[in-house]
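Student: Could you walk me through one strand in this model up close, and then follow the trail outward from there? I'm happy with one long answer, as long as you stay with the geometry.

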Amino acid sequence: MSFLSDHRKTVVGVVALTTLAISCGSATASSSAAVTGKVLWTPSTSKGPSSFADVQCAVGDFGVVKDSAKGRVWRAFQAAGEERCETLGPDLKEGDTFYLGWSSKVDIKDSDSRYVFQLKCSPSTDTANHPIEIDATTGRIRLQEWDTDHVAHPLWTAPTANNRWHSYALKIRLGRTNGTIDFWFDGVKQTFTTGSGTFKGTTWDGDRNYLKWGSYHPSPGDATNTFTSPIMATTLEAATAGS
């Protein structure tokens, strides 16, 4: 499944100190200028887990909950000792460029790291495995790129705490050696450890690439990732409208 042919929706708004409410292919946005963009994919909390391409969780450990700050959101619970509780987004196409936006809060009951977002490739062996990933542990969140030799390149870190909401946005161009990443955290464009706001390297590998949100890495304690519906779009404004 290629996101270029599936789940195409259009979000077009002109906002002048006005809030445009969008849910399930709509999101919330306000701007002093015109906001345009196409939503390429987003899951629906009204439709439930079936709006993801797949759910890799123990039965009953993933679903929709009501959050006091964000409303209806997704909750991925990874019990102690379990390998993962993750959801899958659409398959991707090498060479494409898109934006992703979502908000998340984690609750990790040990000091081990969990992947809370992955751009995953298959096969896992002899590839980058997960060319882009965001991982969290006690007190910090981190963005890393992995090259075709499966070597990690830490690009960015920030302090965090359990049960604290943060917003994330990525602009990704998919390429095996010439891909790019731009990153916004809590609405602010970030500078990477390289000193640049754009990283160039591996953002695609293998035969199939797709997106994952949740919690991954078997560990001794429970972990929960609660997140808003991710939005894949053609513009930053459209991708972050629901964050």
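Tutor: Let's start with strand E14, which covers residues 166-173 and is mostly covered, with 6 of its 8 residues buried. Keep in mind that this is a predicted model. E14 has a partner strand in E9, residues 97-108, and the two run antiparallel over 8 bridges. If you want one spot to check on screen, take Tyr99, whose bridge partner in E14 is Lys171.

E14 also pairs with E15, residues 179-185, again in the antiparallel sense, here over 6 bridges. The connection between E14 and E15 is a hairpin that goes through 5 residues. A handy register mark for this pairing is Leu170, which has Phe183 in E15 as its bridge partner.

Phe183 is a good way out of the strand, since its ring belongs to an aromatic cluster. That one cluster is made up of Trp41, Phe52, Phe62, Trp74, Trp102, Phe117, Trp156, Tyr168, Phe183, Phe185, Trp213 and Phe227. Across the model, the count of aromatic pairs comes to 16. Two of these pairs deserve a closer look, and the generic recipe is simple: ring pairs are described by how far apart the centres are and by the angle of the planes.

Take Phe62 and Trp74 to begin with: their centres are 5.4 Å apart and their planes differ by 5 degrees, so the pair is stacked, as the angle is under 30 degrees. Phe62 sits in strand E6 and Trp74 in strand E7 (residues 71-78), so to speak distant parts of the chain, 12 residues apart. Phe62 and Trp74 are both buried.

Now set that beside Phe117 and Trp213, where the centres are 5.4 Å apart and the planes stand at 55 degrees, so this pair is tilted. Here the link again joins distant parts of the chain, with Phe117 in strand E10 (residues 114-122), Trp213 in strand E18 (residues 208-216), and the two positions 96 residues apart. Why does Phe117 count as buried? Because its relative accessibility is 0%, and the cut-off for buried is under 20%. Trp213 passes on the same ground, as its relative accessibility is 0% and it therefore counts as buried.

Trp213 brings us to E18, and E18 leads on to another covered strand. E8 and E18 pair in the antiparallel sense over 6 bridges, and one place to see it is Arg84, which stands opposite Tyr216 in E18. E8 is mostly covered, as 7 of its 8 residues are buried. E8 also pairs with E5, antiparallel, over 3 bridges. In that pairing, Val55 stands opposite Thr87 in E8.

There is a covalent link in this area too. The structure has 1 disulfide, and it joins Cys57 to Cys85 with an S to S distance of 2.1 Å. The angle about the S-S bond is 95 degrees, and the link of Cys57 and Cys85 is right-handed. This pair ties together distant parts of the chain: Cys57 is in the loop between strand E5 (54-56) and strand E6 (62-67), while Cys85 is in strand E8 (residues 84-91), 28 residues apart. Cys85 counts as buried because its relative accessibility is 0%. Another cysteine, Cys121, is buried as well, with a relative accessible area of 0%.

You may also want to check two places where a charge sits over a ring. Lys189 lies over the face of Trp184, 5.4 Å from the ring centre. Arg208 does likewise with Tyr210, at 4.1 Å from the ring centre.

Finally, zoom out. The chain holds 1 helix and 20 strands, and 54% of its 243 residues count as buried. Among contacts with a separation of 6 or more, 64% come from residues 24 or more positions apart. The chain exposes about 10300 Å², of which carbon and sulfur atoms supply 49%.

Terms used
Residues are numbered from 1 along each chain as its sequence is written. This is a predicted model: local features need pLDDT of at least 70, side-chain atom pairs count only at pLDDT 80 or more; totals for chains, interfaces and linings use all residues. Side-chain values use heavy atoms; hydrogens and water are left out. A disulfide is a pair of cysteine sulfur atoms within 2.5 Å. Helices (H or I, at least four residues) and strands (E, at least two) are DSSP runs, numbered from the N terminus. Buried means under 20% relative accessible area, exposed over 50%, partly exposed in between (1.4 Å probe, protein chains only). Rings of Phe, Tyr and Trp (its six-membered ring) pair if their centres lie within 6.5 Å; planes under 30 degrees apart count as stacked, over 60 as edge-to-face and the rest as tilted. A charge sits over a ring if NZ of Lys or CZ of Arg is within 6 Å of the ring centre and within 35 degrees of the ring normal. Contact means heavy atoms within 4.5 Å. Accessible areas come from the Shrake-Rupley method with a 1.4 Å probe; for residues, only the protein chains shown count as cover. Two strands pair if DSSP finds at least two bridges between them.
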